[in-house]
Amino acid sequence: MGKTHAVTLIPGDGIGPEVTDAVVRILEATGVRFAWERFAAGAGAFEKHGEYIPKELYASIERNRVALKGPVTTPVGGGFPSINVTLRKKFELYANFRPIRNLPGLETRYPGVDLIIIRENTEGEYVGLEHEVVPGVVESLKVITEKGSTRIAKFAFEYAAKNGRRKIHAIHKANIMKMSDGLFLRCARDVAKGYPDIVYGEHIIDNTCMQLVMNPYQYDTLLLENLYGDIVSDLCAAFVGGLGLVPGANLGAEAAIFEAVHGSAPDIAGKDIANPTALLLSAVLMLRHLDEGDAADKLQGAVEKTYTEKKTLTRDVGGRAGTRAFADAVMGAL
Ligand code: NAI
């Protein structure tokens, strides 16, 4: 009998509990054994425990070093800081890894997309350093460091070298932000010198958005600062069918948190219509991280079979099934 994996589970809010419930049921059907440590985070946790991120949640991630997370709502223009950003900073999950690939059988705007997005996850505009200088004037700091830029560039090139990727583009706005984005680029160039077999290029962020929509096939792996990576991920999700489909991993030396690219989708929450595929494919990444490669392959295969059969798909991808029915179909395919 295989090992039992202790994993911290954060269902989140909005569609979070629905999609995590579906994914946990499917994961348990893979035969891999999990000991889930379940915690609330965000507004729900504050109501119950008086803390947005309970101490026990931090301790659980420290112990287990791996978490599966549903989305958590962040208030706009005030309120508490993002739980997602706080966890990424706390555990130095500096690499946000987001593969953008089509699922077989699903017709989308662009067929055959295979893009890797590698986003710096702890710096840039997301450091949360903002203040009012005088009424009507606000300063928001963007922090780019040599250490942070070099380690994400190394992550990207190492990933590319180990996974047969041939090209990396660093995406920037160093024509305007000459110092901060300039530093990010200098670090990427230095790291690139150590990988002569990987073609290295640089594109300006606004042009990149146009180039992506015109011809996403010209790119292979994109290396981006935090904010650019956030925006470009959602743009690229649209190539392969939308936010319901794109997985992600927040990776660092000490821990890993697996979560979908999408947010808590309040517009569809509680209706059993959210697509759990994005979190499910994040769970495939988690299984690989846990050295459960066979189960990861099996689960990926079951998702692909469900899409190829086209019988039980959710509304966002043209089907009529609910979250639970889709999960049942994947379990059947397993
Ligand atoms: P969102 O990603 O929640 O939703 C954008 C659109 O995509 C909506 O129309 C939604 O219905 C649709 N969508 C998202 N996931 C879907 C799924 N699984 N199945 C079907 N349709 C799906 O982005 P939005 O509305 O900008 O953000 C809502 C909240 O989520 C905000 O409070 C935001 O801060 C938070 N958020 C949290 C993240 C996280 O926890 N990692 C990431 C992104 C946003």
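**Figure 1. Glycine 270 and its loop.** Glycine 270 has its place in the loop between strand 12 (256–259) and helix 9 (277–289). Keep in mind for this and every other view that the model is predicted. Glycine 270 is exposed, with a relative accessible area of 68%. As for where this glycine sits relative to another part of the chain, its C-alpha atom is 26 Å from that of aspartate 230, and the two residues are 40 apart in the sequence.

**Figure 2. The ligand and the residues around it.** The ligand has 22 residues surrounding it, and Val72, Gly263, Ala265, Asp267 and Asn275 are the closest. Sorted by class, this shell comes out as nine nonpolar, eight polar and five charged residues.

**Figure 3. Ligand N and O atoms up close.** Which parts of the protein do the ligand's nitrogen and oxygen atoms face? On the backbone side, a polar atom of threonine 74 is 2.9 Å from a ligand oxygen, and an N or O atom of asparagine 275 lies 2.9 Å from a ligand nitrogen. On the side-chain side, glutamate 259 has an N or O atom 3.1 Å from a nitrogen of the ligand. The ligand on its own would expose 820 Å², and the protein buries 69% of that.

**Figure 4. A stacked pair, phenylalanine 46 and tyrosine 52.** There are 10 aromatic pairs in the structure. In one of them, phenylalanine 46 and tyrosine 52 are stacked, with ring centres 4.3 Å apart and 15 degrees between the planes. Are these two rings buried or exposed? Neither label quite fits: phenylalanine 46 is partly exposed at 39% relative accessible area, and tyrosine 52 is partly exposed at 30%. Add Phe80 to Phe46 and Tyr52 and you have one aromatic cluster.

**Figure 5. An edge-to-face pair, tyrosine 94 and phenylalanine 155.** Here the geometry is edge-to-face: the ring centres of tyrosine 94 and phenylalanine 155 are 6.3 Å apart and the planes are at 90 degrees. Tyrosine 94 belongs to the loop between helix 4 (83–90) and strand 4 (95–101), whereas phenylalanine 155 is in helix 5 (residues 146–162), so the pair ties together parts of the chain 61 residues apart in sequence. Their C-alpha atoms are separated by 9.3 Å. Tyrosine 94 counts as buried, with 17% relative accessibility, and phenylalanine 155 is buried too, with a relative accessible area of 17%.

**Figure 6. Two charges over rings.** Lysine 90 lies over the face of tyrosine 58, and the distance to the ring centre is 5.1 Å. In the other example, arginine 119 puts its charged end over the ring of tyrosine 126, 5.4 Å from the centre.

**Figure 7. Arginine 165 and its partner.** Arginine 165 is in the loop between helix 5 and strand 8 (167–172). What does its side chain contact? The partner is the side chain of aspartate 220, in a polar contact of 2.8 Å. Is arginine 165 buried or exposed? With a relative accessibility of 10%, arginine 165 counts as buried, because the cut-off for that label is under 20%.

**Figure 8. Helix 4 from its start to the loop after it.** At the start of helix 4, serine 82 reaches out with a side-chain oxygen to within 3.2 Å of the backbone nitrogen of asparagine 84. Within the helix, the buried residues include Ile83, Asn84, Val85, Leu87 and Arg88. An α-helix has 3.6 residues a turn, so residues three or four places apart point the same way. Beyond the helix comes glutamate 92, with a positive phi near 50 degrees. Glutamate 92 is in the loop between helix 4 and strand 4, and that loop also holds tyrosine 94. With a relative accessible area of 39%, glutamate 92 is partly exposed.

**Figure 9. Aspartate 291, with a positive phi.** Most residues other than glycine have a negative phi. Aspartate 291, though not a glycine, has a positive value, near 65 degrees. Look for aspartate 291 in the loop between helix 9 and helix 10 (293–309). Aspartate 291 is exposed, at 70% relative accessible area.

Conventions. Residues numbered from 1 in each chain as written. Predicted model: local features only at pLDDT ≥ 70, side-chain atom pairs only at ≥ 80, totals over all residues. Heavy atoms only, no water. Near = heavy atom within 4 Å. Polar contact = N/O pair within 3.5 Å; in protein donor to acceptor, adjacent residues only side chain to side chain. Areas by Shrake-Rupley, 256 points an atom, 1.4 Å probe, with all protein chains shown as cover. Nonpolar A, V, L, I, M, F, W, Y, C, P; charged D, E, K, R; others polar. Phe/Tyr/Trp six-rings, centres within 6.5 Å; stacked < 30°, edge-to-face > 60°. Buried < 20%, exposed > 50% of the residue type's maximum accessible area, 1.4 Å probe, protein only. Helix = DSSP H or I, 4+ residues; strand = E, 2+ residues; numbered from the N terminus. Lys NZ or Arg CZ within 6 Å of the ring centre and 35° of its normal.
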